[in-house]
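I opened this one to see how the nonpolar packing is laid out. My notes follow, in the order I looked things up.

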Amino acid sequence: MRSIRIIQIFALLFLVHEANGQSGWTKAKGEGFFQTSFSTFGSKEYFNLGGEKLITNQFNQQSMVFYGEYGFTDKFTLIANLPLQNFNGFETTETVSGLGDLRLEFKHALLKKYFPLAISIAPEIPIGKANNFANSIVNDFERINLPSGDGEFNVWTTLATSFALGDFPFYGSLFGSYNYRTEYDGISFSDQMAVGVEFGYKIANIVWVNARLNGLTSVDEIIEVADFVRGDGTEYTSYSFGASIPVYKEFHLNLTYRNYNDFLFQRRNIYSGGVFGIGVYYDLKPETK
Amino acid sequence: MKKVILFLFVIIFAACGEDEKPVIIDSSLPNGVLTVQRTGTFVDQNASGSAGRASIGPDTQGTTFLAFNNEFRTKLSTGTVTVWLSTSDTFTASPGTGSPNLLLVGPVRNAGENFFKIPTGVDVGKYTHVILWCGAVSVPFGNARLQ
């Protein structure tokens, strides 16, 4: 059950990273999980910093993301998340694309057996395009910055715990994260906190399904957005549903749907709408002697 | 040696005495004094930090200008912010009828003092507001009521 993962939705407008797939488990030594996924999103509903919903021109985003986990020891797992290409555009602009920011997560198991508990440190290295201007297709003098990376170095620290019900194929996970943000081009951003809960169940001993609830909030009260497109002041609650279907040997198909509401944190500085994702992952199992 | 020094003296002073630099008249700036007819303070919208004052009126030669004062600012890092004159505080585009309630003034690129020349023949009297508009997204960044 630890192998199930939802597609890592990354860089949703405006460059929100959601710490998906957090659990108290680490991989066993030699175990791996490698996924390539595609997600698509489109919305006209923008929630401003005051939480007011505005109807704007439609914003569209598609992402191709590589996500991998590998257990170097039974207690240490390295996780990498790299948006291979983010495509961003409004209905009134051209679409621009670029590589996203690389997130490397170093996860260590604090407790393993009865109370799985793990801590992880995940620096996000700003290798994506911090500025990527899309020209308007309506007025030739207008353009908008739709970067594929947020341009700033930041570090997520996550504490996560999980439980499983023995032979009954059900599990749950709970996590809390803190995102230490720095600055880009002299603009400082507020730190963020994220929380999340996940439950999963295996149907007919074949298909894993799961449900998640995540929340993100700013540590500081933001009165004026330092930069709309770099997630400053962004807050939201998201919920998602996923299914993981075995396809061939250790290859699986992953389907996800995610959307937003105001249940934990009111939506602020974010486009809200349904995100559909599809991915293929490979479960690497160490050879048994 | 004296001849050399005298020669250099003459050359230097001759250079200093050349014609004055030509005066470049920037037609995008008011000529002479701008007579403010109406003015208003920007109200921020959508946490974009808009502030400052907008004024409208003719310059000495009778050309109408919209002017932003030194305190003007808005969020310019996200994308193009376009200045419009409007008959209300709401941006109401009507492409089918040529948007009679709006007049495109132009994009604003910098914080601080800005001048925008209003085309000749435009009746600015009917426009009551200045709107700062992020056109790519279609959201207002602020407006100022001219009175």
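Before listing neighbours, I settled what counts as touching: two residues are in contact if their C-beta atoms, placed from the backbone, lie within 7 Å. I also kept in mind that this is a predicted model.

I started with B:Ala54. Leaving out residues up to four places away in sequence, I found B:Ala54 touching B:Thr39, B:Gly40, B:Phe42, B:Leu66, B:Phe68, B:Val130, B:Ala144 and B:Leu146.

Next I pulled up the largest nonpolar core, which has 48 residues. B:Ala54 is among the members that touch the most other members, along with B:Leu66, B:Trp84, B:Val130, B:Trp133 and B:Cys134. I then checked which strands supply at least two residues each: from chain A they are S3 (32-47) and S19 (270-272), and from chain B they are S2 (53-58), S3 (64-68), S4 (81-86), S7 (129-134) and S8 (139-145). S7(B) gives the most, with five residues.

There is also a second, separate core of five residues, and I noted A:Trp25, A:Ala118, A:Ala160 and A:Phe175 among them.

Then I looked at chain B as a whole. I counted one helix and eight strands, with the helix coming first from the N terminus. Of its 147 residues, 33% are buried. Among contacts in chain B with a separation of 6 or more, 60% are between residues 24 or more positions apart.

Last stop was A:Gly100, in the loop between S6 (96-98) and S7 (102-111) of chain A. Is A:Gly100 buried or exposed? I put it down as buried, because it has 28 C-beta neighbours inside 10 Å. Its C-alpha is 4.2 Å from that of A:Gly128, 28 residues apart in sequence.

Definitions and conventions
Residues numbered from 1 in each chain as written. Chains lettered and ligands numbered in written order. Predicted model: local features only at pLDDT ≥ 70, side-chain atom pairs only at ≥ 80, totals over all residues. Core = buried A, V, L, I, M, F, W, Y, C linked by C-beta atoms within 7 Å. Buried ≥ 20, exposed ≤ 12 C-beta atoms within 10 Å, placed from the backbone. Helix = DSSP H or I, 4+ residues; strand = E, 2+ residues; numbered from the N terminus.
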